[in-house]
Amino acid sequence: TINQISFRMADLAGLREMHQRLEAEGVRELAPVSHGNALSVYFKDPEGNRIELFVDTPWYVEQPVRVPMDMQLPQAELWAWAERDARQRPGFKPVEEWRSALRKKLQRSR
């Protein structure tokens, strides 16, 4: 069983454009959410498969996180909202800081 098929988008503008297109085409059950470390839009394709379109954020937060987001906000406001929300989550840090710490931890365990 496949839980979902995910596609990384190049940027938030592209994610917002796809969200608008899906709305215009009448796709039901659109679910835009923030995971803190990614901003995603979920929907089902015509065969009922769950699809995720997402962009990475520059932040790390402990998972799971799934906060509904308002894709109608202007892009700068949406990014600001996503950052404010992520900063409130456990484990928040810049993703590069998290990756660096993880690399160090892996090197010590070898």
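## A walk from the sheet to the helices

Let us start with one pair of residues: V33 stands opposite S40 in strand 3. This is a predicted model, and that pair is a convenient way into its sheet. The strands on either side of the pairing are strand 2, residues 31-34, and strand 3, and they run antiparallel to each other over four bridges. A little further along this ladder, S34 has L39 of strand 3 as its bridge partner. The two strands make a hairpin with three residues between them, and in that hairpin G36 adopts a positive phi near 85 degrees.

Now stay on strand 3 and look to its other neighbour. Strand 4, residues 50-56, is antiparallel to strand 3 and joined to it by seven bridges. Here A38 finds its bridge partner in D56 of strand 4. Strand 3 and strand 4 also form a hairpin, with five residues between them. A glycine again draws attention in the turn, where G48 has a positive phi of about 90 degrees.

How covered is strand 3? Six of the seven residues in strand 3 (38-44) are buried, which leaves the strand mostly covered.

Stepping back, you can place these hairpins in the whole sheet. Five strands make up an open sheet with mixed pairing, and their order is 1-4-3-2-6. At its edges lie strand 1 (5-8) and strand 6 (67-68), each of which pairs on one side only.

The edge at strand 1 deserves a closer look. I5 is found in strand 1, and together with I2 and F7 it forms a nonpolar patch on the surface. The accessible area of these three residues together is about 300 Å². Why can I5 belong to such a patch? I5 is partly exposed with a relative accessible area of 34%, and patch members need over 30%.

Strand 1 also brings us to the charged side chains. As a general point, side chains of opposite charge can pair when their charged atoms come close. The count of salt bridges in this model comes to five. One of them is between D56 and R8, whose closest N and O atoms are 3.0 Å apart. This pair links distant parts of the chain, since D56 lies in strand 4 and R8 in strand 1, 48 residues apart. You have met D56 already, as the bridge partner of A38. With a relative accessible area of 40%, D56 is partly exposed, whereas R8 is exposed at 58%.

Two further salt bridges can be followed within helices. In helix 2, residues 75-87, R87 and E83 are four residues apart, so about one helical turn separates them. Their side chains meet in a salt bridge of 2.9 Å, N to O, and E83 is partly exposed with a relative accessible area of 26%. In helix 3, residues 95-108, E96 and R99 are three residues apart, again a separation of about one helical turn. The closest N and O atoms of the salt bridge between E96 and R99 are 2.8 Å apart. Both partners are partly exposed: E96 has a relative accessible area of 46% and R99 one of 37%.

Charge meets an aromatic ring as well. The charged end of R66 sits over the ring of Y42, 4.5 Å from the ring centre.

That leads on to rings that meet each other. Which aromatic pairs does a search of the whole structure find? There are two. In the edge-to-face pair, W59 and W79 lie 5.8 Å apart centre to centre, with 75 degrees between the planes. W59 belongs to strand 5 (residues 59-60) and W79 to helix 2, so the pair links distant parts of the chain, 20 residues apart. W59 counts as buried at 9% relative accessibility, while W79 is partly exposed at 26%. The other pair, Y60 and W98, is stacked: its centres are 4.6 Å apart and its planes differ by 5 degrees. This pair too links distant parts of the chain, with Y60 in strand 5 and W98 in helix 3, 38 residues apart. W98 is partly exposed, with a relative accessible area of 29%.

Conventions
Residues numbered from 1 in each chain as written. Predicted model: local features only at pLDDT ≥ 70, side-chain atom pairs only at ≥ 80, totals over all residues. Heavy atoms only, no water. Buried < 20%, exposed > 50% of the residue type's maximum accessible area, 1.4 Å probe, protein only. Pairing = 2+ DSSP bridges. Salt bridge = Lys/Arg side-chain N within 4 Å of Asp/Glu carboxyl O. Patch = residues over 30% accessible without salt bridge, like charges linked within 9 Å, V, L, I, M, F, W, Y side chains within 5 Å. Areas by Shrake-Rupley, 256 points an atom, 1.4 Å probe, with all protein chains shown as cover. Phe/Tyr/Trp six-rings, centres within 6.5 Å; stacked < 30°, edge-to-face > 60°. Lys NZ or Arg CZ within 6 Å of the ring centre and 35° of its normal.
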